[in-house]
Amino acid sequence: MLTLAAAASLAAWIYLVFFHGFFWRADQRLPVQAAGVDPWPDVVAIIPARDEAPVIGAAVESLLCQDYPGEVRVVVVDDASDDGTAYAAEAAAKRIEAADRLSVVAAPPLLQGWSGKLWAVHNGIAAAPANRRYLLLTDADIVHAPDALKRLVAKAESSPAEGGLDLVSLMVKLHCESFAERLLIPAFVFFFQKLYPFPWVNDPAISTAGAAGGCMLVRREALERAGGIAAIKGALIDDCALAAALKKKGPIWLGLADKSASTRRYPAIADVWRMVARTAYTQLRHSPLLVLGTVLGMVLL
């Protein structure tokens with residue numbers, strides 16, 4: 001039995017190392033220098049936010065201060081916050097004299113069948129100017145590097161076949177300073193790449209689709225062609241659901257960020273546990289049997 005278990009483990013590792021998209025290389029990244037685009041299309045960033053006053057100011061400021069040749073507007077959807085989230089966002093825009101490029105809207109009461117975040121995103125898109133080619137779907141805790149938008153748009157405007165990409169997504173750097181973060185966050189990112197090998201996501205010939213919800217640049221026309229946010233309205237892993245819907249219609253790309261980062265802190269193991277449980281347990285369809293099988297598989301490896 002031990003010999004069989006060792007052989008099964010060896011076979012699994014041979015598959016993972018050589019036949020699973022070489023995910024472990026972690027080499028899918030945007031070019032350092034953004035290619036020229038003429039003209040640069042205008043972009044609207046959508047930020048759904050509930051009780052994010054401590055972090056949203058930095059996120060809004062990073063977007064309104066982008067080194068980007070086209071126009072950048074930001075729509076913050078205040079989802080029934082009671083901590084002054086809207087005020088913090090507006091104060092950040094005023095501080096850098098960019099209040100005219102920020103809109104703060106209140107999310108209407110949640111409709112049945114919608115997840116709260118997607119309902120906020122849906123209403124943010126509805127409030128955005130309609131003639132913008134790209135939507136940047138991002139989170140309230142993400143601070144974008146000054147050249148992030150330029151590099152994202154340049155990638156989206158590039159091939160395949162000169163038609164561009166319908167989605168360009170980055171897994172931003174997660175906060176990694178506390179003992180719990182250093183213990184678990186790198187493993188979480190590595191495991192995400194193993195579930196959704198980035199080279200497979202980026203290959204139009206392979207059906208694998210994935211995205212990272214903190215940074216998703218979406219071609220608006222492609223989103224409408226896929227049925228809009230309403231097409232995935234009940235999804236809990238909304239980023240990967242959106243990627244799957246878009247990839248059915250056109251090419252997408254997913255990579256690792258080198259500068260854009262999350263300011264969300266996970267000081268204790270319990271904090272990381274809650275973050276992973278929201279995604280991984282949903283991925284396993286809330287099935288104790290699938291959790292058991294996963295644990296046994298990891299023990300074997």
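**Entry 1: Leu-136 and its partner**

I began with a pairing: Leu-136 stands opposite Leu-217 in strand 7. A reminder to myself that this is a predicted model. Leu-136 lies in strand 4, residues 134–138. I then looked at how strand 4 pairs with strand 7, and found the antiparallel sense, over five bridges.

Is Leu-136 buried or exposed? I got a relative accessible area of 1% for Leu-136, and under 20% counts as buried, so Leu-136 is buried.

Next I listed what Leu-136 touches, leaving out residues up to four places away in sequence. Val-43, Val-44, Ala-45 and Ile-46 are among them, and these residues belong to strand 1. Cys-215, Met-216 and Leu-217 are also in the list, and they sit in strand 7. Leu-63, His-144, Leu-149 and Leu-152 touch Leu-136 too.

**Entry 2: strand 7 and strand 6**

I went along strand 7, residues 215–219, and found five of the five residues buried, so the strand is largely enclosed by the rest of the structure. Cys-215, Leu-217 and Arg-219 are on one side, with Met-216 and Val-218 on the other. I noted that Arg-219 is buried along with the others.

Strand 7 is also joined to strand 6 (residues 167–173), by three bridges, and the two run antiparallel. Which residue of strand 7 is the bridge partner of Leu-167? I found Val-218. I also checked Leu-167 against my starting residue: Leu-136 and Leu-167 are 31 residues apart in sequence, and their C-alpha atoms are 9.7 Å apart in space.

**Entry 3: strand 1**

Since Leu-136 touches Val-43 to Ile-46, I turned to strand 1, residues 43–49. Seven of the seven residues there are buried, so strand 1 is largely enclosed by the rest of the structure. Val-43, Ala-45, Ile-47 and Ala-49 point one way, while Val-44, Ile-46 and Pro-48 point the other way.

Strand 1 runs parallel to strand 2 (residues 72–78), with seven bridges joining them. In strand 2 I picked out Val-75 as the bridge partner of Ile-46.

**Entry 4: a helix pair**

Last, I looked at helix 6 (residues 179–195) against helix 10 (residues 269–283): the packing angle is about 20 degrees and the axes are 9 Å apart. Angles under 35 degrees count as roughly parallel, so helix 6 is roughly parallel to helix 10. The crossing is right-handed.

From helix 6, Ala-180, Leu-183, Leu-184, Ile-185 and Phe-188 meet Ile-269, Val-272, Met-275, Val-276 and Thr-279 of helix 10. I sorted the residues of this contact into nine nonpolar, one polar and no charged.

Notes: Residues are numbered from 1 along each chain as its sequence is written. This is a predicted model: local features need pLDDT of at least 70, side-chain atom pairs count only at pLDDT 80 or more; totals for chains, interfaces and linings use all residues. Side-chain values use heavy atoms; hydrogens and water are left out. Axes are lines fitted to C-alpha atoms, for helices over the stretch in contact, and angles run from 0 to 180 degrees between N-to-C directions. Helices (H or I, at least four residues) and strands (E, at least two) are DSSP runs, numbered from the N terminus. Angles under 35 degrees count as roughly parallel, over 145 as roughly antiparallel, 65 to 115 as roughly perpendicular and the rest as oblique. A crossing is left-handed if the near helix is turned anticlockwise from the far one by less than a right angle, and right-handed if clockwise. Contact means heavy atoms within 4.5 Å. Ala, Val, Leu, Ile, Met, Phe, Trp, Tyr, Cys and Pro count as nonpolar, Asp, Glu, Lys and Arg as charged, and the others, Gly among them, as polar. Buried means under 20% relative accessible area, exposed over 50%, partly exposed in between (1.4 Å probe, protein chains only). Two strands pair if DSSP finds at least two bridges between them.
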